[in-house]
Amino acid sequence: MAGMAAFLWPDARKVLAGVWLFWAAPAQADPLPVFEVAHGVFVHVGRHEETDSANLGDIANCGFIVGNDAVAVIDTGGSTAVGRRLREAVRSRTDRPIRYVVNTHMHPDHVLGNAAFLPDQPGFVAHRNVQAALAARGDHYRQAFEAAAGPEAAADLRIVPPTIAVSDRLELDLGGRVLDLVARPVAHTDNDLTVLDRETATLWTGDLLFMERAPAIDGSILGWLRLLDGLGAEPAARVVPGHGPPSAPWPGAA
């Protein structure tokens, strides 16, 4: 792993260790369906719905990238149950270790599945502002999920903070496959992170790009519009939006 601006949060490591002590390995879940949008790049398409007891927060795109040595998961869905199904989707495709879980931003439909990956002991990677955002909003996210999906579905919900922060740029090496992570300025949120797979020129935008669904802005509309204009110059062949189809040509989807 190489990069210009990454560091480990000691407090986050303590939180993860505490969660791990109380984590019991869940029963095997049905794998989420995924599309292979490019070689070794797998995307699950979330539903165009609000979180409820039927979808359990499966309302955002998420997926994973497989390298020669390891796997990086990109976003984890809106509940531990969805995260378990994503983890089973990984295991159905490869036995390589899950080395990283990358969150593109702090919204619950993208991060509440993180706890399902604790048994893999990955690095949890996010924009440097995600730690504070989750600390401020974590209780609200848990309460909102319980209100929407029910107390039984929320029983094993955990807020898993990042352990690796990106304040500028960071490279993740999966073995013969490098991912370029970029911390973006205030746009959809103040903690948006993009992921570019160099091998296939696939750009994961998170919720910087909504397709087939009205966007939700939690940062700056003007900043978001400026950033979208800039993203058009990224050297990508396709994008994976935070909501919408599994992928779309780039920059035509902007």
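Is Arg198 buried, partly exposed or exposed, and what is the relative accessibility behind that label? Arg198 counts as partly exposed, because its relative accessibility is 43%. The notes below concern a predicted model, and they begin with the salt bridges before turning to two aspartates and a surface patch.

1. Salt bridges overall. The whole structure contains 10 salt bridges according to the search. Three of the pairs are described in the points that follow.

2. Arg198 and Glu171. These two side chains meet in a salt bridge with an N to O distance of 2.9 Å. The pair links distant parts of the chain: Glu171 belongs to strand β10, while Arg198 sits in the loop between β12 and β13, and the two are 27 residues apart. Glu171 is also partly exposed, because its relative accessibility is 33%.

3. Glu234 and Arg184. A salt bridge joins Glu234 to Arg184, with 3.3 Å between the closest N and O atoms. Glu234 is in the loop between α6 and β14 (238-243) and Arg184 in the loop between β11 and β12, so the pair ties together parts that are 50 residues apart in sequence. The two ends are covered to unlike degrees: Glu234 is partly exposed, with a relative accessible area of 23%, whereas Arg184 counts as buried at 11% relative accessibility. Elsewhere, Glu171, Asp180 and Arg198 are joined into one network by salt bridges that share partners.

4. Arg142 and Asp139. This pair forms a salt bridge in which the closest N and O atoms are 2.0 Å apart. Both residues belong to helix α4 (residues 130-149) and are 3 residues apart, about one turn of the helix. Arg142 is partly exposed, its relative accessible area being 29%, and Asp139 is likewise partly exposed, at 46%.

5. Asp192. This residue is located in the loop between β11 (178-183) and β12 (193-197). Asp192 is buried yet lacks a salt bridge. The nearest side chain of opposite charge is that of Arg184, 8.6 Å away; a salt bridge requires the nitrogen and the carboxyl oxygen to be within 4 Å, so this pair does not qualify. The side chain of Asp192 does make a polar contact of 3.0 Å with the side chain of His188. Leaving aside residues up to four places away in sequence, Asp192 touches several others, among them Thr104, His105, His127 and Leu208.

6. Asp173. Strand β10 (residues 169-173) includes Asp173. Asp173 is partly exposed, because its relative accessible area is 36%. A polar atom of the Asp173 side chain lies 2.8 Å from the backbone nitrogen of Gly175. Not counting residues up to four places away in sequence, Asp173 touches Arg99, Tyr100 and Val178. The C-alpha atoms of Asp173 and Ala72 are separated by 9.4 Å, although the two residues are 101 residues apart along the chain.

7. Nonpolar surface patch. Which residues form the nonpolar patch on the surface? They are Ile217, Ile221, Leu222 and Leu225, which together have about 370 Å² of accessible area. Ile217 is placed in the loop between β13 (202-210) and α6 (221-231). Ile217 is partly exposed, with a relative accessible area of 31%; membership of a patch requires over 30%, so Ile217 meets that cut-off.

Conventions
Residues numbered from 1 in each chain as written. Predicted model: local features only at pLDDT ≥ 70, side-chain atom pairs only at ≥ 80, totals over all residues. Heavy atoms only, no water. Helix = DSSP H or I, 4+ residues; strand = E, 2+ residues; numbered from the N terminus. Buried < 20%, exposed > 50% of the residue type's maximum accessible area, 1.4 Å probe, protein only. Contact = heavy atoms within 4.5 Å. Polar contact = N/O pair within 3.5 Å; in protein donor to acceptor, adjacent residues only side chain to side chain. Patch = residues over 30% accessible without salt bridge, like charges linked within 9 Å, V, L, I, M, F, W, Y side chains within 5 Å. Areas by Shrake-Rupley, 256 points an atom, 1.4 Å probe, with all protein chains shown as cover. Lys, Arg positive; Asp, Glu negative; His and termini not counted.
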